[in-house]
Structures are given as structure tokens and as C-alpha cells.
Amino acid sequence: MCTGTAVSLYGSFSSSSSQASSPVPYSVSLDGTATTNYVSSLSQGSDPATSILASFTNLTNGEHIVELTMRIPDDDNDDDILLEFDRAVITSALPEQSMPQ
């Protein structure tokens with residue numbers, strides 16, 4: 001759960017196998033509503049600290065729930081795929097302040 005007007009999820013996918021690049025589907029839901037499905041490529045040199053998995057802006061200022069789900073296809077025998085989640089960056093609006101009269 002996060003409180004704010006925007007959120008960005010940082011991370012990447014990696015594998016210890018010899019496959020240099022392979023698509024990894026994942027989904028993200030915001031406040032219980034599925035958003036678009038995503039596909040990321042495995043990359044041995046990808047830095048989770050600089051790779052954005054998903055980003056949402058222009059949210060109402062308040063509590064939000066973001067759910068990230070990695071989807072490994074049934075026919076994929078690669079059991080060593082790893083989601084490296086680095087962080088969520090949350091942007092919040094300043095609280096409204098009443099002016100003294």
C-alpha cells in the first residue's frame with residue numbers, strides 16, 4: 001500500500017541460465033483493477049535500480065494498492081527466473097494548509 005499521487009516500480013528480471021534474452025510476462029494491478037499486461041526481456045546486465053517495471057501518475061492523493069505479478073508460461077522449463085524488485089518511488093502532494101485569518 002502507498003499513499004500519494006504517483007508510484008513507479010523499479011526492478012528487473014534475471015536468469016542464471018545461458019539464455020541471453022527471453023520474454024517474461026508480468027501484470028500490475030492498481031487499486032484492485034488490472035492494468036495493461038507487460039513483457040520484460042531477461043538481461044544479465046540489467047540494473048534493477050534504474051529499470052522501471054511500471055509507473056502510474058495523476059492519481060488522486062490518497063491510499064493506493066499496487067500488485068505486481070510475474071507470470072511464467074506453463075511451457076517454460078526455466079525455473080531460475082528471478083524478479084529483482086528494487087523499490088517503489090511514491091510521489092505525494094503536499095497536504096493542504098489552511099491560511100490563518
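In which strand is the place of Ala 88? Keep that question in mind while you get your bearings, and we will select the residue a little later.

**The whole chain**

Start with everything shown as a cartoon. What you see is a predicted model. The protein chain contains 8 strands and 0 helices, so reading from the N terminus on, the elements go β-β-β-β-β-β-β-β. Of its 101 residues, 33% count as buried. About 6700 Å² of the chain is exposed, with carbon and sulfur atoms supplying 50% of that area. If you take contacts between residues at least 6 apart in sequence, 78% of them join residues at least 24 apart.

Now colour by confidence. The mean pLDDT of the chain is 79, and 74% of the residues reach 70 or more. Select strand β4 (residues 33-41) and then strand β6 (residues 62-64): among the elements, β4 has the lowest mean pLDDT, 76, and β6 the highest, 91. A word of care while you look around: where pLDDT is low, the predicted coordinates should not be read in detail.

**Ala 88 and strand β8**

Select Ala 88, and here is the reply to the opening question: its place is in strand β8, residues 81-91. Ala 88 is partly exposed because its relative accessible area, 38%, falls between the 20% and 50% cut-offs. Leave out residues up to four places away in sequence, and Ala 88 touches Val 7, Ser 8 and Leu 9. Draw a distance from Ala 88 to Val 66 as well: the two are 22 residues apart in sequence, and their C-alpha atoms are 9.7 Å apart in space.

**A charged pair next door**

Show the side chains of Asp 86 and Arg 87. They meet in a salt bridge, at 2.6 Å from N to O. How many salt bridges does a search of the whole structure find? It finds 1. In general, side chains of opposite charge can pair when their charged atoms come close. Asp 86 counts as partly exposed, with 37% relative accessibility, and Arg 87 is partly exposed too, at 31%.

**Into the core**

Next, select Val 28 and Phe 56. These are the residues with the most contacts inside the largest nonpolar core, which has 14 residues. Strands β2 (6-15), β3 and β5 (52-56) each supply at least two residues of this core. The largest share, 4 residues, comes from β3. Nonpolar side chains tend to be buried together in soluble globular proteins.

Stay on Val 28 and show what surrounds it. Beyond its neighbours within four places in sequence, Val 28 is in contact with a list of residues including Leu 9, Tyr 38, Ala 54, Phe 56, Val 66 and Leu 68.

Move one residue along to Ser 29, in strand β3 (residues 23-30). Ser 29 counts as buried because its relative accessibility, 16%, is under 20%. Its contacts, again leaving aside neighbours within four places in sequence, are Ala 34, Thr 35, Ile 65, Val 66 and Glu 67.

**Two rings to finish**

Finally, select Phe 13 and Tyr 26. The structure holds 1 aromatic pair. The ring centres of Phe 13 and Tyr 26 are 5.3 Å apart and the planes are at 40°, so the pair is tilted. It links distant parts of the chain, with Phe 13 in strand β2 and Tyr 26 in strand β3, 13 residues apart. Buried or exposed? Both Phe 13 and Tyr 26 are buried.

Notes: Residues numbered from 1 in each chain as written. Predicted model: local features only at pLDDT ≥ 70, side-chain atom pairs only at ≥ 80, totals over all residues. Heavy atoms only, no water. Buried < 20%, exposed > 50% of the residue type's maximum accessible area, 1.4 Å probe, protein only. Contact = heavy atoms within 4.5 Å. Core = buried A, V, L, I, M, F, W, Y, C linked by side-chain atoms within 4.5 Å. pLDDT = per-residue confidence, 0-100. Salt bridge = Lys/Arg side-chain N within 4 Å of Asp/Glu carboxyl O. Areas by Shrake-Rupley, 256 points an atom, 1.4 Å probe, with all protein chains shown as cover. Phe/Tyr/Trp six-rings, centres within 6.5 Å; stacked < 30°, edge-to-face > 60°.
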